[in-house]
Every structure is written in C-alpha cells, then in structure tokens.
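Reader: I'd like to learn how to read a model like this one, feature by feature. Can you walk me through it?

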Amino acid sequence: MGVLIMNKMIQAVLLGLFTSLAHAEPSSQVAWTPDKLRFIKQADSNNGKQLAAQCAGCHGDNGVSSAPDFPSLAGQLATYTYKQLQDYKNGQRIHALMTSIAAGLSDQDMADMAAWYSSLPLPKNKADKKDLVIAERLISEGDGKRTLPPCYTCHGSDGEGERMDIPALAGQQAEYFAATLMAYKKGERHNDIYSRMRVISQQLSDAEIQELAQYYQQLQ
Amino acid sequence: MNTDPLKKKWANAIQSIADLSKGDPIHVDPLEKRWAYVILAIAGLFVAIIMIDALVHNINPPSHVETIDSARLHLSKEFAEDNLGVQVDDNGNVTVRIVAGRYGFYPKQVTVPSGTPLKFRWVSMDVLHGIHLPMTNMNTMILPGYVAELKTDFPKPGNYPLLCNEYCGMGHDHMWGSITVVAKEHWSAPVKIASKGDSNHE
Amino acid sequence: MNDAAERKLALSHMWIAFGAFLIASFMGAYQVLERSGFLPIIESSRVYFASVSSHGVLMAYVLTLFFVPGFGYYTATTSLNQPVWNIKLAWAGFAVSLLGTVLAAIPLLTGSASVLYTFYPPIKAHTLFYVGATLLIAGSWVWCAIMIVMMGQWKQANPGQPVPLAMFATVSNAVLWLWTSVGVAAEVLFQILPWAFGWMDTIDPGLARTLFAWTLHPIVYFWLIPAYTAFYVLVPKQAGSYILSDEIARVSFIVLVVFSLPIGFHHLYMDPEQAKGWKLLHGVGTFIVALPTLLTGFAVIASLEIAGRLRGGKGLFGWIGALPWRNSMVLAMILGLLMLMLGGFGGIVNASYAMNAMIHNTAWVPGHFHLIFAGTTVIMYFAIAYYLWPILTGKPLFSNEMALLQLWTWFIGMVVLTTPWHILGLLGQPRRISSVQYNDPLTLAWDTFELAMIVGGLIMLGSACLFVYNLAKTQFNPTTEIYTGKVEYAEPIHPVHHLPEFLNDFKIWHWVIAVSMLISFGYPILQFFLMDTFESSGWGY
Amino acid sequence: MSQLSEEERQKIINSSPIGTWVLMLTVSLGMVAAWLFLYYGVFLPRGAIG
C-alpha cells in the first residue's frame, strides 16, 4: 500500500511537470456499460458471503457496522459497493486499509461480495427525539437558490438508492456519513464521476451535513 | 414487394381521374378556388423563406447525427472531466463541451464571448435531457448515445440561466446552470491548466 | 331501423371517454396551481409528474380512443342506415381497451409510471403501464376494421353510389388511425415491452423517438377528424344550411390522411439523431397538411354565411349576427374555429423548421396543443355529445342554457389559460417543470402569467363539471318526456350522383401512403441499423 | 326568421360566400404578418443557429 501512495505522489509530480500535456485521470475507471451491469447482476452472492466473512470485523456480521467510522454495507446497491472496491483498487479512492484489501480482490470477488451485501436488509437504527427540520427540508425540497436538488430525487424517498450507482443512505452510520460528505466538500474524496457529489457538498454547511447524517442514520 | 397490384391501382387511379370529365364535374365555388390559390401562395411563401435560409444561409436546427457511448463518457478523451467547458483552438474557434446528468450540468457555469460563432457539444450521461437558454436560440434535445452539436452565437451579453427543458426525473426542476455572455472585447480564452483536473484528483 | 344496440354501444364508449375527461380535468387544475408555486403546501414533484402523466394519457388516449369509436359506430349505422357489423366484436374491442385503461391507470396513479404520455425511454416505467397502453390501442383497431368492413358492405349493396360523406370521413379516420398507430406499436412491441420485461437489456432512445414521431403528428388529426366531420355534416344542418361542396370535403379528408402521416419529424427538429435534410422534407410536408385545414375553414364558414343570409343577414358580415348562436352545435363550431385560428398559428410557428428553436419544449408548445386539442377538438366533442345525448338516451337535453354557458366558459377559460402560456414560452419557460427553482431575474417575470393561467384553469374545470353534470342529468333525469329525434346530416348544395373511385374509396390512397412513408421514414429508421449506436440501459426516476 | 321566396333562397344558396372570402383573407394576412414578425423580429435576432 505504501507503494501505491508512492505511485500517487509520483503521478502528481509528473502531472505537475507536464501540465500542458497532462490529462488528469478520470475520477473512476468504472463505466456502467450493459456488459458491466449484467456482470454484476449475475454475481454469486453465496461466494460473496464466504468472502465477506473477512470484512465482518469492521463492517459487522451482516454488513451492519458497529464502529462509527466504518460504513454499514447491508442493503447497499451492488453497483455502488462494486464501484467503490474498484476505485480503491485503481487508486481513485484512497483508504489506509481498503486500498490494500481491494488490491487483492478479483473483479469476480468484488461483484460477488457486492451482491451478497445488497441482498441483506438495510440497517435499522432507533430514532432519537430531536426533530431535524433542516435535513427534512433539504431532502424533500432541496434549495433552488443554491441549485441543490432535493436529496430524495437521486437517493430515493426512503434513502434506498437509485440506478445506476446512487448509494442507499438509510441507516448509515452518522459519523461515517458526515465524514464522507466533508471529504467530498474538501475534495479529499473525488471518485464521484463529473464531481457530482463534490459540487453538491460544497453548497452544504457543516451543520447541515451533521443533521443530514443524523436523519439518514435513523431513516428506516 | 409485388408491384402488379400497385400498377393496377395506379391504372385505376388514372382511369378514375379521366372519369371526372365524363361524370358531373367537381363542384367548386369560384371564390373557394381563389382561396385555394391564396393558401398555396401563403404556404409557398413560408416554405420559400425557410428553404432559402436553410440552404443558402445555413440556418438549420441541430441535426448533427453523431453517436457516442454515454456509459463511458468520463473515460472518453473528448468528454474527460478536465476537457469540459470552453476551449479555443489555434484558429480561434470556440468550442463548449458540457455534460448533462441528473441533476446538473458539468461544468455548471461557463463564460463565452458575445457575437461570436460558438460550437456547443452536449452529451447526456444518463437519460433524456434538453437544454434551452431563454431569449436565445440555444435549444436542443440531448439523447443518451448521441452528441448534440449546435452552432449559434449570443448577440446580447448577460447572465443566462441554463435550463434543462426536457423531463428527466424528479429533480428536473432543479437541473440548471448558467452561461455568462460577456462582450467580445472583454472576453479572454480560459487558460487550460491540468492542475484543475489535478486538484480534483489529489 | 331499431338501433337500440348501437345506441348502447355509443353511450358506453362516450361515458368512458367523458369520465376519463372529468378526472383529467381535475388533474389539469391541480397542475396549473402546483406549477405556479403560489401554494407551497401542494408542491410535490412526485405528485405533479404522476398527475401530468395521467392527465396526458387520459386526455390524449382514453378520451379520444373511446370517443372516436363511439361516435364512429353511431355515425356509421345512421349514415349508412345499417346495423354495426359484428357488434359482439365491437364490444370485445371496447372490453380490451377498457382493460388496458385500467391496467395502465394503476401504475400511473400510484406514481410508478411518471414517464409522461410520450413514454420517454430510457426512463423505465412499471411494465403494467406499457401493457395497458398497448391493449388500449389494440382495442381501437377493432373499430377501424369494423368501419372499413361496413363501408365495403355498403358499397357492394349500392354499386356506383357515393359513400355518404359522414361515413367517408369516419372511415378516413379509421384508415388514418391504422397507419398512425404503426409507429407507436412498433416502438412498444419491438423496443419497450421486451426491454420492460427484461428480455432486452438496452433500448435506443433515438430509434424510439423516431418511431414515436411516426405516430405523434397524425394522432393529432385522428383526434381532430371527428370535429371536422361535425363541421361538414352536422353543423350546416343545425344552422339551416348546406355543405358548400361535397367533393372538396372529401378532398380535404384525403389530404389530411395522406399528408398528416409522413411529416412527424417536426417533433424532432431539435433532436440530434436525425439529419437536417429529412427534417426539412418533413417540414415542407407539414405546411402542405395545413392546406386542408384552411380549405375546411373556408368551406364550413361559407356554410354558416349561407345560413346567416337565409336567416336575413345582409351585407358583408351581417350574416354573422344572424346565425343561430343559441344552437350549441353552431356556437361550438364558431368558438372552435376561433381557437383553431389561434392554435393553428402557433402550430405554423412550431412547424417552421429552425424557428422551432425559439419555442421548442417551452410553455409555448402546451399552449398551442391545448388550443387545438382541448380547444377545437374537445369543444366539438362537447357539441356532438349535446347533440347525440337526447338521441341516444331518448330524453331531451337537461338544459340548453347550461350547455351554452358551458361552451362559452370553456372558450374563455381556454383563451385565459393559453395566452400566458404562449408568452411564457417566448420568455423561455420550459414546458415540463413542476416548480420554478431558478434563482434568476429573467425567470421572475413569469409569475404574473402563472396567475392568469390559474384563473383560466379553474374556469375550465368548472366548465368541465357543468358538461358532465348536464349529460348525467339528461340521461338519469326521471322525466316522462320522450325525445324521438334522429341524427340529421347536411346535404351538399350540389348533390353528387357520381364520384371517381379515388374520392369514394381509400384503396388507392393506401398505396400513396405506403410510398410516402417509405420515402420519409425508410432511411431515417434504417440508419439506426447501419450506424453503430450505443443503446441505453433502463433508468429509474 | 325572415320569409324568403324559393328563388330568393336559391339565389342566396348559389351566391359566392363573399363575406367568408373577405374574412378568411383578412385573418390569413394577419397571420402572415405575425409570422414574419416572429421570424425576422424575434427568432433571427436571437442569434444565428445552424
């Protein structure tokens, strides 16, 4: 993994050197061609279940994480999980552990695990009392003045996600959720094609991000 | 297709037109006949104006039949993420490349010169979109699988909202960006720096 | 001749049609309120787009695909004076269309088919919606077959005789609809259904839009021909006048059928998947199909002029005031022609090739087609219903006063609704938005027009309710009065004894249509199989 | 309803609809004017398209 980071650095330097010629790499190598979608649809979730055993430590036995900074994967769209694993492997998304883990996985492994997690029910967390008006407003109406589409238009009215790879958000760990949006906002995470999520998160205040995280964690 | 019946039908047709002279003539009021000439003349006028502008002055709707793999846009060279927006080639031709995807335009904002021929190349990364700049003729459908190319110019400087004008899903109302048109003399071609794409990625 | 069976058949069709119409009218009123943004409580894109989709399907498909056959069956039986051929089959067609309507309504109303009535692949609706729509259309083909058979039977029984104009017009519409529905049928059967059922992974939106364009223009004339039929064969009689020229009327119907088919690309002017040469060809054809409408306008107004002069109207325009304005059929035609004039102008602008860029997909477009369809077409459906209801139910119309009020309010509401719509279009407002989110001074100018549209929309909703109320009261009023009137068709000034075959049959015209469709759609469809296209997977919304 | 003799009726029925002719002519010329205005006054000034 150290090697990978080194590669990244070298890449950055090279890009810096030949600015005129250089083309930044795409934010993901994954493209949802009909073949790729069929490949994911036909994945073997039983094999995925066995492979996923090694992930339980962080992501929970049934893909429901107990550690606040690790995401729950249960009920996640297979396309989304698959794309994240690919992006880790190809270096478009960086994580101390995941980068090296993904490096050891084959396309088939990734598809199978993604299929297994998508077959599990979304996590359910008990709601706390405090009302989340700001989040509800953003999710159902967005904010035209900031060109913020309502969250539900892409992520679904029940946070269930949407084709092709819009992630399900319902029941996600609040801390992880907030950290992710903050990473998008700062540009530290950038594997969203055409920077769709970066553009949106840069319009959100930190407070709004916290409330959205809370809302989706308790959404069932 | 077997053409014999076709021939027969036409024979009949011609025969029956000949019959007209025998049978009672078609009843047409003289004024009605004159009215028929008037409407032919009106339709002819409109068609003539449209034809001349289309064939002589090249005033046509966007009809550039070109296919593209919408699923792999971000991996293509032309619509790679740091190749979008306004570009000027060595001959000074301005090309604007914008990707439409639910629910936004990428890039969200571009600045172009007024009174200058502009070539827009629009693509969709997902479903049907449409694009219209109110008070201009910048109007085209964007179909996944096709490049919508359109050449136009904007006579009046100003800030124009960039509206998606084709239903594309629940967020359709929110799908908009903007195009800023600045007077030709105040406009300068954007300097393309790879570090833009670079910063996106590190 | 006892036509009780035919009357039942016609009534059943028309009640489904007008039931759908009433439901869709409430949706229309809701939509004009919602999209104004004045009532934040009712703002909801989910409900709005479900409503727009249902409104479109109910008005464009259900209202028309039940009214046209209902009116057609009764016109056939009364003008030919022979029973409907194979009435069991007619009921079967009715049942299939009704089943299709119900099946499509379920996903539509539950918001799982918010793809608008033009389908919009690669956005994928619930499969049931496509199945329902297919059955709805398939059922209507039965009517086409029966109309064509009945005309054939009549011609055999009356060799050399001119087919009554009313029947000729009705059959022209049956022929038109058969040719028209080929495009959408091909799209649904070969692209959408296999894709919706998962037998195919992908769909080519370019081909789908091209095939839909095949249907999208002539379908408008399928809706409109019953109105023109009434203009020619019912109104003059009601006004106490005559058909100016039976032959010119036939020529108009034939030109409508033949030229409304090969011109669908004026719906694709702004599309990238067709080349400009083809668009120009279809554009020229579009101007040709305006001619029969202008001829019709002249002929039917001339019939009114004769009526007015017979009633003592003098001078250049004195006849206008002398017309029987209190006859619902005559009033409806006058108002219908006014709306046809306004909407027709909008249509000519749409048709004008590159100028289409000025208004494509803006509010101008719904402004235009509401004038032509909800205006001219539907107001004549009203008039026909007011005329036929006493005949079909055997009871006098509940209230002629109410009918006149209803027609006037429909006209006024329509003008108040569509004028701002056209202006908003020129100001660049997109047609298919549920709310205005743009933070831009340019778009703030839209508000006042939205307000006017609400007024127009509410007037029309009231008018729609009056219409259905009047029909229901007529039929279910416990009255002892018996109405024994029969349908009376207008006579031409110069009776026709002999007609050339091409003015008395469609056999020849089928070949003309086949050739023109081959020319105008052959390569544009073929190209998708020649160039290498990239098809789309299905998307949700 | 005015009383007309039969030949008066026939005369009216067979006379040319001059009122209609004038009416239609006026309307259509109005349309031509409006179309030309939109084409040269609104469409073309909004920028060439091709």
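**The contact between chains B and A**

Author: Let's start where two chains meet: chain B and chain A bury about 2800 Å² between them, and 59% of it is on carbon and sulfur atoms. Buried area here is the accessible area (1.4 Å probe) that two parts lose on being put together, summed over both. Helix α3 (residues 194-201) of chain B gives the most to the side of chain B that touches chain A, with five residues. Helices (H or I, at least four residues) and strands (E, at least two) are DSSP runs, numbered from the N terminus.

Author: Some ground rules: this is a predicted model, where local features need pLDDT of at least 70 and side-chain atom pairs count only at pLDDT 80 or more, while totals for chains, interfaces and linings use all residues. Residues are numbered from 1 along each chain as its sequence is written, chains are lettered from A and ligands numbered from 1 in the order in which they are written, and side-chain values use heavy atoms, with hydrogens and water left out.

Reader: How many residues does each of chain B and chain A bring to the contact?

Author: Contact means heavy atoms within 4.5 Å. By that rule chain B brings 27 residues and chain A brings 37 residues.

Reader: And how many salt bridges and polar contacts are there between chain B and chain A?

Author: A salt bridge is a side-chain nitrogen of Lys or Arg within 4 Å of a carboxyl oxygen of Asp or Glu. Between chain B and chain A the count is zero salt bridges. A polar contact is a pair of N or O atoms within 3.5 Å; within protein, one must be able to donate a hydrogen and the other to accept it, and residues adjacent in sequence count only if both atoms are side-chain atoms. Nine residue pairs are in polar contact between chain B and chain A (both at pLDDT 80 or more).

Reader: Where do salt bridges turn up, then?

Author: Over all chains the count comes to 25 salt bridges. For a local one, take R38(A) and D35(A), whose side chains meet at 3.4 Å, N to O. Both lie in helix α2 (residues 34-41) of chain A, three residues apart, about one turn of the helix. Buried means under 20% relative accessible area, exposed over 50%, partly exposed in between (1.4 Å probe, protein chains only). So R38(A), at 31%, is partly exposed, and D35(A), at 52%, is exposed.

Reader: Which parts of chain C does the salt bridge of D271(C) and R209(C) tie together?

Author: In that salt bridge the closest N and O atoms are 2.4 Å apart. D271(C) lies in the loop between α9 (246-260) and α10 (276-310) of chain C and R209(C) in helix α6 (residues 205-216) of chain C, so the pair ties together parts that are 62 residues apart in sequence. Both D271(C) and R209(C) are buried.

Reader: Which residues are linked in a network of salt bridges?

Author: The network links E66(B), E78(B), R97(B), R121(B), E149(B) and K151(B). Within it, E78(B) and R97(B) have their closest N and O atoms 2.6 Å apart. This pair links distant parts of the chain, 19 residues apart: E78(B) is in the loop between α2 (30-55) and β1 (85-88) of chain B, and R97(B) is in strand β2 (residues 94-101) of chain B.

Reader: What about odd backbone angles?

Author: Most residues other than glycine have a negative phi, and most peptide bonds are trans. F119(C) is not a glycine, yet has a positive phi of about 80 degrees. F119(C) sits in the loop between α3 and α4 of chain C and counts as buried, at 1% relative accessibility. The peptide bond from P121(C) to P122(C) is cis, with omega near 10 degrees, and P122(C) lies in the loop between α3 (87-109) and α4 (127-157) of chain C.

Author: Chain A has cases too. A cis peptide bond joins R163(A) and M164(A), with omega about -10 degrees, and M164(A) is in the loop between α9 (151-155) and α10 (174-186) of chain A.

Reader: How many helices and strands does chain A have?

Author: Chain A has twelve helices and zero strands. Of its 220 residues, 55% are buried.
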